[in-house]
Each structure stands twice: as structure tokens, then as C-alpha cells.
Amino acid sequence: MILRLKNFIASTRFKTTLWYSLVFLFLELLLGVIIYIYLFTKSVGKLDSALAAQANAIIKIVKEKHVDLDTFTPDENYQNEEDLIWDLIYDIVVFNKRNTFIEISSGRKIIFKTDNLSGNDFLLPNLALNRKGPFDFVDDSLGSQNIRGYLLKGGNYAVLVAYPKEQIAQTLNSLTDLYVLLAPLFLIVSFLGGAVISSKSLSRIDAIVKKTEEITAQNLSEKIPGGEFTDEYGRLVKKMNEMIDRIRTAVEYMNQFTISAAHELKTPLTILRGEIEIALKSHKTQNEYVDVLKSNLEETIRLIKIIDNLFFISKSDHSLISIQKVDVNLEEFMHSIVNNFRYLADEKEIKIILTLEKNIIVRIDPGLMKQAITNLLDNAVKYGKEKSDISVIVGNFGDNKFRLDIVNTGDEIPEEALAKIFERFYRVDLQNSRKKGGVGLGLSVVKSIINLHEGSITVDSKNGRTKISILMPV
């Protein structure tokens, strides 16, 4: 039970649900903060506008009536200055909902204040008269709440209109209480919603996992369904199917490679075994034993060549071949290789004709390039007709490249085989091709070496003449 709980907590489904819930809750809190700030700003703004309008109206009336309090004398209508001012601003004070605190001064003298300020000296004398516009203040004699005031000066008069911010605070506190009550509900709803959404969205992942578990080395031809969609899951399935195709190709290649290698290694080993068994079962002359040893040596050399080629191809596949390029005089290099082949060509009365431009300096790996050209010349001699010519032509090709052509006369390579001739273990089904030896690795090795030199190789076979062309950068 504990293990299942741990696995669930570690699952993407749980993490997705949790993240969805947290994001949803964060957005709800962010929305609450934005609404709180918006309501506070709007409420204070409206209060300031109302206080400013009231203060401006009072100043305007006092100015328009040309009230001169310095020469004021009591009469039957007004017993004091405050009565006069009250009569002037009565409509403004009574019909304005925000008429909580009002005080008017002339100079340093208070000439009017509302009844709720009786006996209170807080306003204009206590507040610096250099204030102007809206401001907040607290006065213990009026309560503990913040008070929003608006001070306006006009001529010799100063008007202070104030209103407690208690109503605004109560509204915002109610909003806060509401969000505190709704937060758990939002969290529960977001968690359930996240669980449903993650379950729906990850159900396709479960289907992919299930199908992937069913695919083994024996059924790599099967596909994971869903690759036709263009969303993230569809792209994932498409890439997984492409990966399975690559694995299938690799497995098929390995199977083919193993079978071909085993088959090619089996032939010389079988010959070696047979000749050795015959030699052991019967008495032979010294010359006969020498012939057996020579035959064994030939098969041993063949085995070594097969293993060397296999080893080279394996290193090439894993990028383990270290290429060491040096400047080489192509004329001297080609002469040394061709001269080594003349004795083999003489056995079939084949003439090797070397044609090359002088003073061509190329940057190559001499050992690897010698192996590649040797393999090509070996094939040209092996499959060439007796008493024919092999042309080796080397020259500049332009764009800082050189070209090497090897042309021989012999059996024509079928057109359908030209595209496969560089594949491993592939041999063209020519007359007596197997009798001439080889396991179909030579041209594959040549291709790998040319690729390491950033060059290209092509084959053309028509009218009994086969030409292999190598194009490489100087």
C-alpha cells in the first residue's frame, strides 16, 4: 500500500494534478489581489473626488458671497460667524453623504466646524497648513480608524473636508473573508479538475506504454498507433515509430552481418580442417606436405583479410578510426602502388597503364588511401579479362579537387547491382565470382575510407568496361 502510494506521488499524473491545482490557486489569489487593489484604488479615488467637490463648492460659495468676517457684527439673523457660514453652506453639507467632518478657517481662526467636531481642536491648527489636496491621518479623539482628508485653500480661507475610511476597510475586509472561505473550495475543485484533465491527457501515454511493452525483437514491424496526430503525443509516437524502424534495420543488418560473416569464415575454416584431416590420415611425400601447407597458408591469409576488413568496418561504424592526413606527392604515391601490382597482373598478362598529371600534392592518410586503391586494383585484376589493359588515370578536376579513375575490361556489372555494390557482403553474381575469392567487404572498406577523406566514389559499367571514379579534395 505504501509502495503504491509512493509510486502514485512520483507519477506524472499526480505531479500534473498538483501543478494544475497550485497554478489554479495562484491565479485565484492573484485575481483576488488585483480585485482588492482595484476596489481600494477606485473607492479611495471616488472618496477623494467627492471630498474635493465638496471643498471646492464651499470655497466657491464663500468667495461668491464676499463674506468679510473681519467686519462681521452680530444681528438678528446671525449671532456669530459660524451661523453665517452654516447658512451659506447648509445645502452642500446636508445633501452630501460624505459630510462627516468639515472645518473652515480664516487665517489662523476657526470660523466653522461641524457638530461632530465640537470641543475638538484637531483639524486645521494641528495639521500643517502647507498641506494641500488629499491625505490620510489618524486622530485618537475621533476614533482609531484612518481618516481621509482633503484640504483646499482659497484666498484667506482654508477648507478641510474629511471622511473616515472605515467603510472602505469594511468592504475590503468582507472581500478578504469571502476569498478565505472560497480558497479551500477553489483548491478542491482545481484538484479534481486537474485529476480529470491529467487522466484524460495521459491516457494516450498509457496506451503508448502498453503498446511499446508488446513490441519485441520478434515483431519490430508493428507500429505504435497515434502517429497521424499533429499534437505533442502524435509527434512523440511518430518519432518512436521512426526509432523502431531504425532498430529493426539495425537488427536486420546485425542478423545479416552475423550470418554472412559466419558463412564466409566457415568456408576457409572448412577447407583448412579438411586438408589437415586428410594430411593426418595418409602418408604423403615432402612435396605433398609443402602443397598442403601452402594451401593452408592461403586460407589463413584469407581468414586474416576477412577479419581485418570486419575489424575496420566495425571501427568505422563506431567512429574509432583515427585519420592522419599528411601532404603526399600523388605521382610517387601511385607509382609505388601500381608497381606492387604488376607481378599479379603479369600472371593474367594484364597491362596496367598509369596516366597522371605531375606535381599534384594531396593531403591524405597514406595508409588508408593505399588500402583503398589496393582493394580497387585487386578487383580490377581479379575480374579483368586476360591479356587486357587496366587504365589508372589521375588528374586535377577543378574546384581544388583531384580525380582517380580505374578502368578495366571484363564482365559487365548489371545495372541493378550498381546501387548495392558498396554494401557489405554483397557480391555481384558474375560467372566464377566465388571461385575468385572475396567476401564482399573490399568495396565497403573503400567506401568508408573515401568517406573519411570527405570524397565520393561512383561505379559505371557498360559494354564490358567497368570504371570506378574517386573524387576527393586536394
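**Exercise 1. How many bridges join strand β4 to strand β5, and in which sense do the two strands run?**

Before we start, a word on the model: it is predicted, so local features need pLDDT of at least 70 and side-chain atom pairs count only at pLDDT 80 or more, while totals for chains, interfaces and linings use all residues. Residues are numbered from 1 along each chain as its sequence is written, and side-chain values use heavy atoms, with hydrogens and water left out.

Solution.
- Step 1: Find the strands, β4 at residues 147-154 and β5 at residues 157-164. Strands (E, at least two residues) and helices (H or I, at least four) are DSSP runs, numbered from the N terminus.
- Step 2: Count the bridges: 8 of them join β4 to β5, and the two strands run antiparallel. Two strands pair if DSSP finds at least two bridges between them.
- Step 3: Pick one position across the pair: Arg-148 stands opposite Tyr-163 in β5.
- Step 4: Widen the view to the open sheet of 5 strands, ordered β2-β1-β5-β4-β3 with antiparallel pairing. Its edge strands, each pairing on one side only, are β2 (109-113) and β3 (133-137). From one strand to the next, the twist averages 25°.

As a reminder, strands of a sheet pair through backbone hydrogen bonds, either parallel or antiparallel.

**Exercise 2. Describe the sheet that contains β9 and β10, and say which helices lie across its strands.**

Solution.
- Step 1: Write down the strand order, β7-β9-β10-β12-β11, for this open sheet of 5 strands with mixed pairing.
- Step 2: Mark the edges, β7 (351-356) and β11 (456-462), which each pair on one side only. Direction ignored, neighbouring strands are turned by 15° against each other on average.
- Step 3: Look at β9 (residues 389-398) and β10 (residues 401-409), which pair in the antiparallel sense over 8 bridges. Val-394 has Leu-404 in β10 as its bridge partner.
- Step 4: Add the helices. α8 lies across β9, β10 and β12 (465-473) and runs at about 20° to β10. α10 lies across β11 and β12, running at about 140° to β11.

**Exercise 3. Work out how α8 and α10 pack, and which residues make the contact.**

Solution.
- Step 1: Take the geometry of α8 (residues 366-383) and α10 (residues 442-452): the angle is about 145° and the axes are 9 Å apart. Axes are lines fitted to C-alpha atoms, for helices over the stretch in contact, and angles run from 0 to 180 degrees between N-to-C directions.
- Step 2: Assign the hand: this crossing is left-handed, meaning that the near helix is turned anticlockwise from the far one by less than a right angle.
- Step 3: List the contact residues (contact means heavy atoms within 4.5 Å). α8 supplies Leu-368, Met-369, Gln-371, Ala-372, Asn-375, Leu-376 and Asn-379, and α10 supplies Gly-442, Leu-443, Val-445, Val-446, Ile-449, Ile-450 and Leu-452.
- Step 4: Sort them by class: 10 are nonpolar, 4 polar and none charged. Here Ala, Val, Leu, Ile, Met, Phe, Trp, Tyr, Cys and Pro count as nonpolar, Asp, Glu, Lys and Arg as charged, and the others, Gly among them, as polar.
- Step 5: Check burial in α10, where the buried residues include Leu-443, Val-445 and Ile-449. Buried means under 20% relative accessible area, exposed over 50%, and partly exposed in between (1.4 Å probe, protein chains only).

**Exercise 4. Is His-453 buried or exposed?**

Solution.
- Step 1: Place His-453 in the loop between α10 and β11.
- Step 2: Read its relative accessible area, 1%, so His-453 is buried.
- Step 3: Collect its contacts beyond four places in sequence, among them Leu-368, Met-369 and Met-472.
- Step 4: Note the backbone just after α10, where Glu-454 takes a positive phi of about 60°.

**Exercise 5. Decide how α4 and α5 are oriented to each other.**

Solution.
- Step 1: Use the angle of about 10° between α4 (residues 166-214) and α5 (residues 232-281), whose axes lie 11 Å apart.
- Step 2: Apply the classes: under 35 degrees is roughly parallel, over 145 roughly antiparallel, 65 to 115 roughly perpendicular and the rest oblique. α4 and α5 are therefore roughly parallel.
- Step 3: Name some of the contact residues, including Ile-205 and Ile-208 of α4 and Leu-236 and Val-237 of α5. By class, this contact has 7 nonpolar, 3 polar and 1 charged residues.
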